[in-house]
Amino acid sequence: MSDPVLALPRFSVVGEQPFQDDLLNRKQLAIHLTSYLNRLQAGAVVAIDASWGEGKTWFGRNWAAHLKNESHKVIYIDAFEQDYIEDPFMLLSAEILEVMGEDDLVPNLTETATNIAKALVPMGTKMIVNTIGQWALGTSNLSDKAKEFLEGAVDDGAEVSSGWIKDRLTKHAGDKALMQQFKEQLSEFANTDPERPIVIFIDELDRCKPTFAVELIERIKHFFDVPNIVFVLLLNRNQLEKAVKGVYGAETDAALYLSKFVNFFFKLPKEEIGETLRYDRTKRFVLSVAKMYKFGNGQQTEHFFNGIALLTVVLDLSLRDIERCIALYAFAHPHQLSNPLLAYVTALKVSKNALFKRILVNDIRAHELVKEQIDVMNARLVHSPNGDRYLNALSQWHQYHIKKTDEVPEPFRGYVHHLGNYDIGTDQIFQALNEEIDLRMEMY
């Protein structure tokens, strides 16, 4: 029998108002960035950089809704959902034409964009895509045609491609004029409201096929770099740089390459803690996710949620990591074992899975690495006596496995005694708690 699969619920990204339930106070960032965008009359490409699971999409969707309320024309594109499209130029053009509505400029811009698309996509490619697509779908009377076409695809494709290249070389001057015409028409529309730039959000760019991601940012620069249009790329910069190297080679200076296409990079800020633990906002987020799973008030669940809020800082959990932890806890509930220790095992499994697997087989070096991280953070943070006691217990737990002493000090001894009531020995605690949450998960 296969393992059960737990899928996280799809929470609403934007509430009745933008930045409703803004637990990380990111509305202020959006207001600040909006003021900045309104000064970019020359147009620009800006990027919001954050790791996966840090809330880029939530921030982007809510910021887009905020801009719409401020009377901006806004386009929001999930690039990952659209990377099957032959050329990103067609995607961007179609989205802009849609937001133009019934504007008088639409017919001319549509015609120009169509001519550019014809120039960008080789005829041979269009024929192959169309024929194979129809064949795969089982369209009637196409099997013989597809077979015949595919058998001669190499020779015919080469001939068509050669013809297309010759055609493009002879029409180079015309293509340049066409590009300029497109930019002028687009600029005319963009400046119908010179005080408010058109803002085009592109999300999930770093998850696209490398070729599509790279082509998209190149198309933005070459065709859509006009006054009063601002692109906002929501991405993980490290992953996008890997995509660039995947297209142009491992020795490519990907950071330098991106700097030619992106004017400014902004880092989506995480909660700042300095030398003091201020986890109130994190705790609010933890409780908001718990509410989605219909958890009420209770001492045992409170111990788990307090643990996750504290461990968010210690283990550097992302927002998506927090959601995963609570999803796993929902699976384990009702739960009779130690909720504080379960919180730690869950957070460690979600955020540092490779290290956690080594701990399960009692890898001493893995215990040392995690213990060191806990001790360093505990020394830096100023928090409640309960928080200090909790982190000390976790450190002692790892110390027990490192030294293998018979004596178990407080406060970890209290947890050991509690679990002893369930016939769980000190050596078995990690494995026993892992069994409570051991299932596969799917993220959406």
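1. Phenylalanine 19 is a good place to begin reading this predicted model, and it lies in the loop that runs between strand E1 (5–7) and helix H1 (27–37). The phi angle of phenylalanine 19 is near 65°, which is a positive value in a residue other than glycine. Is phenylalanine 19 buried or exposed? Its relative accessibility is 5%, and because buried means under 20% relative accessible area, phenylalanine 19 counts as buried.

2. A second positive phi value in a residue other than glycine belongs to serine 71, where the angle is near 75°. Serine 71, too, is found in a loop, this one between helix H2 (56–69) and strand E3 (74–78).

3. A further backbone feature to look for is the peptide bond between glutamate 410 and proline 411, which is cis, with an omega of about 5°. Proline 411 sits in the loop between helix H19 (385–403) and helix H20 (412–420).

4. Strand E2, made up of residues 44–49, is mostly covered, since 6 of its 6 residues are buried. When you follow the side chains along E2, you will find Ala44, Val46 and Ile48 pointing one way, while Val45, Ala47 and Asp49 point the other way, and the residues of both sets are buried.

5. Which strands pair with E2? One partner is strand E5 (residues 229–235), which pairs with E2 in the parallel sense over 6 bridges. Another is strand E6 (residues 264–267), which also runs parallel to E2 and is joined to it by 4 bridges. Alanine 47 of E2 is a convenient residue on which to see both pairings, for its bridge partner in E5 is leucine 233, whereas in E6 it stands opposite phenylalanine 265.

6. Arginine 219 is found in helix H10, which covers residues 210–223. Why does arginine 219 count as buried? The reason is its relative accessibility of 14%, because the term buried applies under 20%.

7. The surroundings of arginine 219 can be described by its contacts, and the side chain of this arginine is joined to the side chain of aspartate 87 by a polar contact of 2.7 Å. If the neighbours within four places in sequence are left aside, arginine 219 is in contact with Asp87, Pro88, Phe89, Leu92, Leu120 and Phe224. Aspartate 87 therefore appears in that list of contacts as well as in the polar contact with arginine 219, given that a polar contact is a pair of N or O atoms within 3.5 Å and that contact means heavy atoms within 4.5 Å.

Key:
Residues numbered from 1 in each chain as written. Predicted model: local features only at pLDDT ≥ 70, side-chain atom pairs only at ≥ 80, totals over all residues. Heavy atoms only, no water. Helix = DSSP H or I, 4+ residues; strand = E, 2+ residues; numbered from the N terminus. Buried < 20%, exposed > 50% of the residue type's maximum accessible area, 1.4 Å probe, protein only. Pairing = 2+ DSSP bridges. Polar contact = N/O pair within 3.5 Å; in protein donor to acceptor, adjacent residues only side chain to side chain.
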